[in-house]
Structure formats: C-alpha cells, structure tokens
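Trainee: Before we go through the assignments, could you show me the model and let me ask how each label is justified?
Mentor: Certainly, and I will set each value against its definition.

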Amino acid sequence: KGEIVTAEYSLTFGLSDKHKSIMLKKNDHVMLYLQEDEEGNIENAYVAEIARDRHLIVLVSAFLFFLVLIGGMKGLKAIITLILTAFAIITILIPAILRGADPVILSIAVCIFIIGITLLIIGGFNRKTLSAIIGTAGGVLIAGLTAAIIGNLAKITGFSADESQMLLYIPQGIEFDFRGLLFAAILIGTMGATMDVGMTIASAMHEIKINCKDIKSADLIKAGMNVGRDAMATMANTLILAYTGGSLQLMLLLMAYSTPFSNIINWDVVAS
C-alpha cells in the first residue's frame, strides 16, 4: 500500500485477435502477482487477473435484498438456509473428504442433514414439512443408488474432469475414491431439484387440505400426482437445459468436427 510499481500485463485471454484484448484504463482494479526478494522488496509485478469481487458483491447483495423484499420472512429464512448449506459443505463435507472420509456415505449424511434443516426452517415442524423431507430424502437416496449401480456397470472412472486429475497432486497426498467423488457430486446436484419438487408438491397438498377440509385422501393423492406430473415435466427440461448450458462449448466442438454419436455416448466424460 502506498507504493507505485510497474507491472507487466498480458492481453492474451484468448487465441484470436478479436477476443484476446481486455484493455485497462485508469481506476480499474486488478489482482497483482508480486515477486519479492528476501528483504521483502518487490522485484517484479504482474497483473494476474481483473478484480471482479466488487461487482459480484453488488450482485449477491441485490439478490439477498430482493429475496427479503419479495419473500419477507420466508426470504429471510431462505438466506439462513443458504448460509447453513454453505457452512455444511465448506466446513463439514469438503474437509472430511480431504481427511479421507468415504465421499458417498458422507455426502448422503450431509445431504439429509441439509434437507432436514432447510425444510424445517422454511416450512416449520408440521406434516407438510415432514412429507417434503421424506420425499426429498427418498429422491436423493434413489438418485445415489441409481448412479452407483449404473456407474459400476458402465465402469465410470470419475477421472473425466481435469480437476479430478489435478487432485492426484494435492499436498495432502490422499488417495481419493474418484468414482465415489463423482457419485457424491451427483447426490449434491440432485438435492436442490428434489427439494424444489418435494416442497412444491407438499405445499400444494397442504393448501388444498386446509381450504377443502372434507376432501378424501384418495382425491388428495390424485391431486398430488397431477401436481407432481406437471412439476416433473418442467423439471426434466430444467435439468437438461442446465447440463446443456454448462456443456455448450463441448457440444459446439462435437458438432464442428462431426463426431459420431456412437463415439460421444461412450466417452467417460459424457457418461459421467
């Protein structure tokens, strides 16, 4: 702080002249990589990245503000559950896996804990919430079991992502169960969608019941199945579109090189 240094800045963020240049101007914020000598004097400085934290903080703050503005107490509860979810993943799940814990068993336990805490805070302790918890936990367990069975039959390695291969060289020197890590990721990814559907159906049934107290159980179950079918139809699209959005560049590459579908479907990364 208070020093002026001359830093090198490479404009190469891509390979083509059209996309590689991000020009800097006065008052732009950047992250610097500093090389210092033994006395702490700066020998060289490089612009490592554009500083984006301020913009992300504004975005997150706006998200939280509107969550409370529109959702009221429910929105505030949603923020609390978000914090608890992040806390469980960052302080329990990831450190335990880095200590060598079984990723599948651990992720199941953490997911059920997050499901229970989240839905109890949002919905309170009642039949509606208990129904959503049972449905969501059941959905996550079925998804995990399905992933494990098909993953073993298809001999999924868990090495398809570059990050998985990089884990071989972390300083802790842990021998990970990479297939287990993949299944754990599937469980965590499934949890959000199943919580959404589980609470949506349970809440809809609760509203029908309190506004039509004479409704028969058979009719209530029928109504729940109809709501579930509608939610299932849109959720299937939601999940497919989410994966498509995350894999758009890969899909462009495959189309550009006219890669046969028989090749694509057998790749470990696609199967994963």
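Trainee: Why is Leu145 called exposed?
Mentor: Exposed means over 50% relative accessible area, buried means under 20%, and partly exposed lies in between, with a 1.4 Å probe and protein chains only as cover. Leu145 has a relative accessibility of 55%, and therefore it counts as exposed. The residue is found in helix α4 (residues 127-153), where helices (H or I, at least four residues) and strands (E, at least two) are DSSP runs numbered from the N terminus.

Trainee: What should I keep in mind about the origin of such values?
Mentor: This is a predicted model, in which local features need pLDDT of at least 70 and side-chain atom pairs count only at pLDDT 80 or more, while totals for chains, interfaces and linings use all residues. Residues are numbered from 1 along each chain as its sequence is written, and side-chain values use heavy atoms, with hydrogens and water left out.

Trainee: What makes the contact between Lys25 and Asp28 a salt bridge?
Mentor: The term requires a side-chain nitrogen of Lys or Arg within 4 Å of a carboxyl oxygen of Asp or Glu. For Lys25 and Asp28 the N to O distance is 3.7 Å, so the pair satisfies that criterion. Lys25, at 62% relative accessibility, counts as exposed, whereas Asp28, at 33%, counts as partly exposed.

Trainee: How many salt bridges does a search of the whole structure find?
Mentor: The search finds two, and besides the pair of Lys25 and Asp28 there is the one that Glu49 forms with Arg52, whose closest N and O atoms are 2.7 Å apart. Glu49 is partly exposed at 31% relative accessibility, and Arg52 is likewise partly exposed, at 40%.

Trainee: Why is α3 called roughly parallel to α6?
Mentor: Angles run from 0 to 180 degrees between N-to-C directions, and the axes are lines fitted to C-alpha atoms, for helices over the stretch in contact. Angles under 35 degrees count as roughly parallel, over 145 as roughly antiparallel, 65 to 115 as roughly perpendicular and the rest as oblique. Helix α3 (residues 103-123) and helix α6 (residues 178-211) pack at about 20°, with their axes 9 Å apart, which makes α3 roughly parallel to α6.

Trainee: How do you know that α2 is roughly antiparallel to α3?
Mentor: The axes of helix α2 (residues 73-98) and α3 come within 10 Å and cross at roughly 165°, and therefore α2 is roughly antiparallel to α3.

Trainee: What is notable about the phi of Lys155?
Mentor: Most residues other than glycine have a negative phi. The phi of Lys155 is near 55°, a positive value in a residue other than glycine. Lys155 is found in the loop between α4 and α5 (162-166) and is exposed, with a relative accessible area of 61%.

Trainee: Which other residue can be described in this way, with a positive phi although it is not a glycine?
Mentor: Ser258 has a positive phi of about 50° and lies in the loop between α8 (248-256) and α9 (261-264). At 60% relative accessibility, Ser258 counts as exposed.

Trainee: Why is Leu24 called partly exposed?
Mentor: Its relative accessible area is 32%, so Leu24 is partly exposed, and the residue is found in the segment before β1.
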